[in-house]
Amino acid sequence: MNDPIADSPGAATAQTDNPGVAAPSGGLLSGHILVTLIRREFWEHRVLWMAPLAVAALLLICAVPAHVNPNLSLQDEAQWLDSQHRAGVFGVAQWALTVPHFLVMVIVLNFYLLDCLNAERKDRSILFWKSLPVSDGATVGSKLLVGLVVVPFGVFLVALVTTLLFTAIWNTRAALGHAEAFVLWDTVTWLKVQALMLYGLVVSILWYAPLAAYLLLVSAWARRNVFLWATLPPLLAVIVERIAFGTHFVGGLIQYRTWGIWSALDLPLAGGHATMRVGNGNLVSLSRVFDDLNIGVLFTNIDLWLGVMVAAAFAFTATRIRRYRDEN
């Protein structure tokens, strides 16, 4: 099979004039080369597309024999006649079906970002890729793009289709009398939940960009024991600061960069208009959360944009390391 990069204009000249050395890109990265670099990641790291499909398949298989008995009292059964309560349960069910997708995605992407630059040195495939007219910046950027954008949005689409199919299977079983008909289809609620999930995905991509770029930096720098080098520096920083100065600024910063954005967004997840009483507990209506959402809070958060700048600095450093790191 012909290699799209090797066949691109200027590749033959670069390889003839100076074999084994990457030629300058000579301008902006073309869409054709970018697509090829992204495809390369899915060729070399098949778990990126196999894991989401495996999760979807398992969820759909579980939809066939799954049985849920709500065990409602007479008072609770009366509440189910209320369309708002049914919409609330439907929204939470749709959200719950996406949780396995994103949990697996987080695990897969962490290992991918830690391994992608380190692995190409270990198997020496870096020698081949450096012989092509593709810059180190384009290579590192494509890996970060895959980890931060391509895979997350791909998983979102897979999760969206999975929720539709799961609900269709469940409602078909309910119509045949083989399942409880307590989750009925609600188009408006479904659209609001998907929009809320998409918003949360955008928030996560921007907020966790420094972490993704940090893992990529460690992957470019460490020769072995990549996981150890990724966890040891922040852990030592927390311990040394606590012992030497008695403070916990580093630990607070790590905690803030982990969960801080969700409190900063001030989502109405507890109490107030978005919570309704169901039986002995409270149920969050994701549809109402979407109605009360203030999208502008995200884009005015200075810490978010500072994190994006730090991510860019990490990615630039990873590019320089890849350029001058000895492959031996």
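## Overall picture

What share of the contacts in the protein chain with a separation of 6 or more comes from residues 24 or more positions apart? In this predicted model, such residues account for 81% of those contacts. The secondary structure of the chain comes to 14 helices and two strands.

Of the 328 residues in the protein chain, 41% count as buried. On the outside, the chain exposes about 17800 Å², and carbon and sulfur atoms supply 69% of that area.

## Helix H7

H7 covers residues 136-175. Its 40 residues, at 1.5 Å a residue, should span 58 Å, and the end C-alpha atoms sit 57 Å apart, so the two values agree. There's a bend to look at as well: H7 has a kink of about 45°, centred on Val146.

Asp136 has a distant partner in sequence. Tyr324 is 188 residues away from Asp136 along the chain, yet their C-alpha atoms are 10.0 Å apart in space. Tyr324 itself belongs to helix H14 (residues 302-324). Is Tyr324 buried or exposed? With a relative accessible area of 58%, Tyr324 is exposed, because the cut-off for that label is over 50%.

## Aromatic pairs

How many aromatic pairs does the structure hold? The count is six. Take Phe166 and Trp170: their ring centres are 6.5 Å apart and their planes meet at 10°, so this pair is stacked. Stacked is the label because planes under 30 degrees apart count that way. Both residues lie in helix H7, four residues apart, which is about one turn of the helix. In general, an α-helix has 3.6 residues a turn, so residues three or four places apart point the same way. Phe166 has a relative accessibility of 14% and counts as buried; Trp170, at 6%, counts as buried too.

Trp221 and Trp229 make another kind of pair. Their ring centres are 5.2 Å apart with the planes at 90°, so they are edge-to-face. As for exposure, Trp221 is partly exposed at 42% relative accessibility, and Trp229 is partly exposed at 37%.

## A cluster and a charge over a ring

Which residues join Phe90 in one aromatic cluster? They are Trp185 and Trp190.

Trp207 has a charged partner instead. The charged end of Arg257 sits over the Trp207 ring, 3.8 Å from the ring centre.

## From H9 to H10

Helix H9 (209-221) and helix H10 (226-245) are joined by a loop that holds Asn225. What is odd about the phi of Asn225, given that it is not a glycine? The angle is positive, at about 50°. For context, most residues other than glycine have a negative phi.

Further on, Thr231 is found in helix H10. With a relative accessible area of 33%, Thr231 is partly exposed. Thr231 and Leu215 are 16 residues apart in sequence, and their C-alpha atoms are 9.7 Å apart in space.

Note on methods
Residues numbered from 1 in each chain as written. Predicted model: local features only at pLDDT ≥ 70, side-chain atom pairs only at ≥ 80, totals over all residues. Heavy atoms only, no water. Phe/Tyr/Trp six-rings, centres within 6.5 Å; stacked < 30°, edge-to-face > 60°. Buried < 20%, exposed > 50% of the residue type's maximum accessible area, 1.4 Å probe, protein only. Lys NZ or Arg CZ within 6 Å of the ring centre and 35° of its normal. Expected span 1.5 Å × (residues − 1). Bend = angle between axes of the 7 residues up to and from the residue. Contact = heavy atoms within 4.5 Å. Areas by Shrake-Rupley, 256 points an atom, 1.4 Å probe, with all protein chains shown as cover.
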